[in-house]
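Please work through the following exercises with the sequence and the structure in view. Each task is followed by a solution in steps.

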Amino acid sequence: MTDQEQTPQLSLYELNLLVRETIEVSMPDEYWVEAELAEVREVRGHCYMELVQKDVSTHTPVARASAKCWRSRWMLVGPYFERMTGRRLCAGLKVLLRVHADFHEAYGFSWIVTDIDPRFTMGDLARRRQEIIRILRQEGVLELQRELSLPMFTQRIAVISSENAAGYGDFCNQLMHNDYGLRFAVQLFSAVMQGEQVERSVIAALDRINADVDAFDAVVIIRGGGATSELSGFDTLELAENVANFPLPIITGIGHERDESVLDLVAHTSVKTPTAAATLLIDHLAAVLQRIGEAQDAVTRTVRQRLEIERIRIDRLASTIPMLFSVVKTQQEARIDNLFTALTHAVGQHIAAANHHLDTLSNVLPSAAERLITVEQHRMALLAQRVEAVDPVQLLNRGYSITLHNGRSVRDARSLRSGDEIETRVAHGTIWSVVK
C-alpha cells in the first residue's frame, strides 16, 4: 500500500478548516506583540496593518505579518491612541499590539488587534526625538538659527504653508490690517503641511526660497488648524538640518499650546499659531518704528539745545561788541593821529628839500643860461653861413640858371618832350621856352 493510499485526501477547505481548528485549540490566548508598522490603511471603518520586524544592525526585515482591527474595536482604540500620543498610526511607528490569532478558510491567517498601548509608542517617539536632538547638537547646528538676527526692517516675508489653509489667510489678514499701518510684502511657497509628504514638500519650498534668498528678510512656516497627530512630519532629522542651516531667520507657527516639534526647537523663533507669527513680525517692526521715533525726538532735542546754546553765545557776543568797538575805535584813532603826525613831518621834510633844490637851481640857472645862449648864438651863425652858401639866389648871381617844368627842376633832358613849356630862371628875370 502506497503512502498516498494511507494518507487521507482533503480538500483545501477541509485543510484550512483543520488549520483553523488547530490554531483555535493551540493558541486560544491573546499576546502583546512589539512591531513596526510598514503600512496602515482604513477601509470602511476597519484598520488594516502590515507589521514588520527589522534586524537591528542591517535594518532588513526578519519577520512580516498582517493584522486587522475591526471597526467596532477600531472606533475605540484609534481615537484613544491619537489622544494619548498626539499622532495617528502611520508607517514607521513602533507599536505594542494586543492580538490573537485568526485563520479564515477563505482569507488565510492574520492577527486580530484588540488593543494598542500608546505608552510604548510615546516612549519610542520620545527616544527618536531625543536621538534627533542629540544628532543636531553633535553636529553643532541646534542653535544656529538663534545666532541670526531679524533684520531691522523685516518686511519681505517668504511663507511656507498650504495655499488654501485658513491659517495662511489669518496670517495675511493679521499682517495687512495691523494697528500701526505697517506694510509687508508676503510671498507664498505652497507646501504640504500634513501627512508623510511634509518633509519633502517643506524642504523643496526652502530650496526655492534659497534660490532667491536676497529677495526676503525672513521665512515663516505656518500650519493652521489640523490634528496634533499631523505634526509628525515636522519631527524629522533632514527637515531639522535644513532649517537649522538656512541663511535667513525662520519663524514657525505650526503647533498647539502644549506641542513642540523638533522643527520648533531648531527654528529662530517658535510661536504656536499663524496669527502669533504675524503678531511677532508686527511687534518687531513696530519696535523699530518706535526706535526711529525716539531717535528723531532725540535729534530734535539735541538740535534745539544746540540752538539755545548758540543763541546765548550770540547774545553774550552782542553785549561785548560795543565795548570792543570802543577799544578798537580808540586804537584806530591813535593810529591815525600817529600816521598824520608822521605824514606831516615827512611832507615838511620833502618840501624843505625841494626848496633847497630850487634855491640851488636859482643860483646856477643865470650863468648856465648865458653859456647856453652863447653856444646857441655861435651855432646859429655857423648855420647862417651854411644857408647863405647854398642859397639859389647866390648861384643865380654867379651866372647859373634853374630850369623848371611844371614847378619842378629839370635834371634830365630826356624827361622833356616836344611841346613842353619850360621855365628858366636867371639872376634878373625868367625865360619861358617851348621844347622843339
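**Exercise 1. Contacts and nonpolar cores**

Task: In this predicted model, determine which residues Val219 is in contact with, leaving aside its neighbours within four places in sequence.

Solution.
Step 1. Contact requires heavy atoms within 4.5 Å. With the neighbours within four places set aside, Val219 is in contact with Ala158, Ile160, Leu206, Ile209, Phe246, Leu248, Pro249, Ile250 and Ile251.
Step 2. Next, place Val219 in its surroundings. The largest nonpolar core has 32 residues, and those that touch the most other members are Ile160, Val202, Leu206, Val219 and Ile221.
Step 3. Identify the elements that build this core. At least two residues each are supplied by helix 4 (118-139), strand 6 (156-161), helix 6 (198-210), strand 8 (218-222), helix 7 (237-244) and helix 8 (262-266). Helix 6 gives the largest share, 6 residues.
Step 4. Another core lies apart from this one; it has 22 residues, including Ile23, Leu93, Leu97 and Val113.

**Exercise 2. Salt bridges**

Task: Establish how many salt bridges the count comes to, and examine individual pairs.

Solution.
Step 1. Side chains of opposite charge can pair when their charged atoms come close. The cut-off to apply is a nitrogen of Lys or Arg within 4 Å of a carboxyl oxygen of Asp or Glu. By this rule there are 18 salt bridges.
Step 2. Take Lys54 and Glu36, whose closest N and O atoms are 3.4 Å apart, and which form a salt bridge. This pair links distant parts of the chain, 18 residues apart: Lys54 belongs to strand 2 (residues 46-54) and Glu36 to strand 1 (residues 31-43).
Step 3. Classify both partners. Lys54 is partly exposed because its relative accessibility is 36%, whereas Glu36, at 17%, counts as buried.
Step 4. Repeat this for Arg146 and Glu143, a salt bridge with closest N and O atoms 3.8 Å apart. Arg146 is partly exposed at 40% relative accessibility, and Glu143 is partly exposed with a relative accessible area of 43%.
Step 5. Salt bridges may also be joined together: Arg20, Glu24 and Glu105 are linked in a network.

**Exercise 3. Strand 13 and its partners**

Task: Describe how strand 13 (residues 421-426) pairs with strand 11 (residues 402-405), and then consider strand 14 (residues 429-434).

Solution.
Step 1. Strands 11 and 13 run antiparallel and are joined by 3 bridges. Ile402 stands opposite Arg425 of strand 13.
Step 2. Arg425 also forms a salt bridge with Glu423, the closest N and O atoms being 3.1 Å apart. Glu423 is buried, with a relative accessible area of 13%, while Arg425 is partly exposed at 39%.
Step 3. Strand 13 pairs with strand 14 in the antiparallel sense over 6 bridges. The two form a hairpin with 2 residues between them, and Val426 has Gly429 of strand 14 as its bridge partner.

**Exercise 4. Cysteines**

Task: Explain why Cys69 is not bonded to the closest cysteine sulfur.

Solution.
Step 1. A disulfide requires sulfur atoms within 2.5 Å. The closest cysteine sulfur to that of Cys69 is in Cys47, 6.4 Å away, and therefore too far for a bond.
Step 2. Cys90 is in no disulfide either, as the nearest cysteine sulfur, that of Cys47, is 11 Å away.
Step 3. The structure holds 0 disulfides.
Step 4. Consider accessibility: Cys69 counts as buried at 0%, and Cys90 counts as buried at 17%.

How values were computed
Residues are numbered from 1 along each chain as its sequence is written. This is a predicted model: local features need pLDDT of at least 70, side-chain atom pairs count only at pLDDT 80 or more; totals for chains, interfaces and linings use all residues. Side-chain values use heavy atoms; hydrogens and water are left out. A salt bridge is a side-chain nitrogen of Lys or Arg within 4 Å of a carboxyl oxygen of Asp or Glu. Helices (H or I, at least four residues) and strands (E, at least two) are DSSP runs, numbered from the N terminus. Buried means under 20% relative accessible area, exposed over 50%, partly exposed in between (1.4 Å probe, protein chains only). Two strands pair if DSSP finds at least two bridges between them. A nonpolar core is a set of buried Ala, Val, Leu, Ile, Met, Phe, Trp, Tyr and Cys residues joined through side-chain atoms within 4.5 Å.
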